[in-house]
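Colleague: Could you take a close look at one part of this predicted model for me, following a pair of strands, the connection between them and the charged side chains around it?

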Amino acid sequence: MSQINLPLFRIGFGVDVHQLADGYSLVIGGVKIPSEFGAVGHSDADVLLHAICDALLGAAGLKDIGHQFPDTDPQYKGIDSKILLQKTFDLVEDKGFQLGNIDATVMLESPKLSPYTDEMRSIIAEILKSEVDQISIKATRGEKLGFVGKGEGIKAYCNCLLFPANIK
């Protein structure tokens, strides 16, 4: 059999969850969203950017966000997750990859996220050196089921595609 030399496309998957509570900010996709409650976490608890980081790290064959930016390290206390995403993408680029696309879903009972998704997409695209149409962000509710549906938490899922930087 002859060997076929195909580009090394890599798919990654990430998921993140955070508890919701009074007295915290709600930051999703780099956007501070007006809300009576926010996400609890060591950093700014941006569930979407954390899921994207894990998807990118997985696709690049690197260890997860908890390994790269441990919550036991005081330098990450309260850190803006846009910085974590930038550092993550630097690692991805160091491995020789560029972004194909991001497809993410955020689960949150309220508030509605649709007024903010275009801004989220722009912020993420800029950090990942991509076009806005390479970034898909969807939002859904828990329909009163589980911790999301009861308003106790927020969850995000993300798939990504990476391909070698030398392919245009």
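Which residue in S6 is the bridge partner of Asp103?

Modeller: The bridge partner of Asp103 in S6 is Ser136. This is a predicted model, in which local features need pLDDT of at least 70 and side-chain atom pairs count only at pLDDT 80 or more, while totals for chains, interfaces and linings use all residues. Residues are numbered from 1 along each chain as its sequence is written, and side-chain values use heavy atoms, with hydrogens and water left out.

The bridge between Asp103 and Ser136 belongs to the pairing of strand S5, residues 97–107, with strand S6, residues 135–140, which runs in the parallel sense over 6 bridges (strands pair if DSSP finds at least two bridges between them). Helix H4 covers residues 117–127, and together with S5 and S6 it makes a right-handed β-α-β unit; helices (H or I, at least four residues) and strands (E, at least two) are DSSP runs numbered from the N terminus. Right-handed here means that, with the strands pointing away from the viewer, the path from the first strand over the helix to the second runs clockwise.

Consider next the loop that leads from S5 to H4, where Pro111 lies. The peptide bond from Ser110 to Pro111 is cis, with an omega near 5 degrees. Glu109 is in this loop as well, and it is buried at a relative accessible area of 13% (buried is under 20%, exposed over 50%, and partly exposed in between, with a 1.4 Å probe and protein chains only).

In H4 itself, Asp118 and Arg121 are 3 residues apart, about one turn of the helix. Asp118 forms a salt bridge with Arg121, with 3.7 Å between the closest N and O atoms, the criterion being a side-chain nitrogen of Lys or Arg within 4 Å of a carboxyl oxygen of Asp or Glu. The two residues are not equally accessible in class: Asp118 is exposed, its relative accessible area being 52%, whereas Arg121 counts as partly exposed at 21%.

Beyond S6, the loop to helix H5, residues 146–149, contains Glu143, and Lys144 is found in that loop too. Glu143 has a phi near 50 degrees, a positive value in a residue other than glycine, and Lys144, which is not a glycine either, has a positive phi of about 70 degrees. Both side chains fall in the exposed class, Glu143 with a relative accessible area of 51% and Lys144 with 57%.

Lys144 also brings us back to the first loop, since it forms a salt bridge with Glu109 in which the closest N and O atoms are 4.0 Å apart. That pair links distant parts of the chain, 35 residues apart, with Glu109 in the loop between S5 and H4 and Lys144 in the loop between S6 and H5. The contact thus joins a buried residue, Glu109, to an exposed one, Lys144. Arg141 is part of this arrangement as well, for Glu109, Arg141 and Lys144 are linked in a network of salt bridges.

For context, a search of the whole structure finds 6 salt bridges. One of them is formed by Lys82 and Asp80, whose closest N and O atoms are 2.9 Å apart; Lys82 is partly exposed at 27% relative accessible area, and Asp80 is likewise partly exposed, at 28%.
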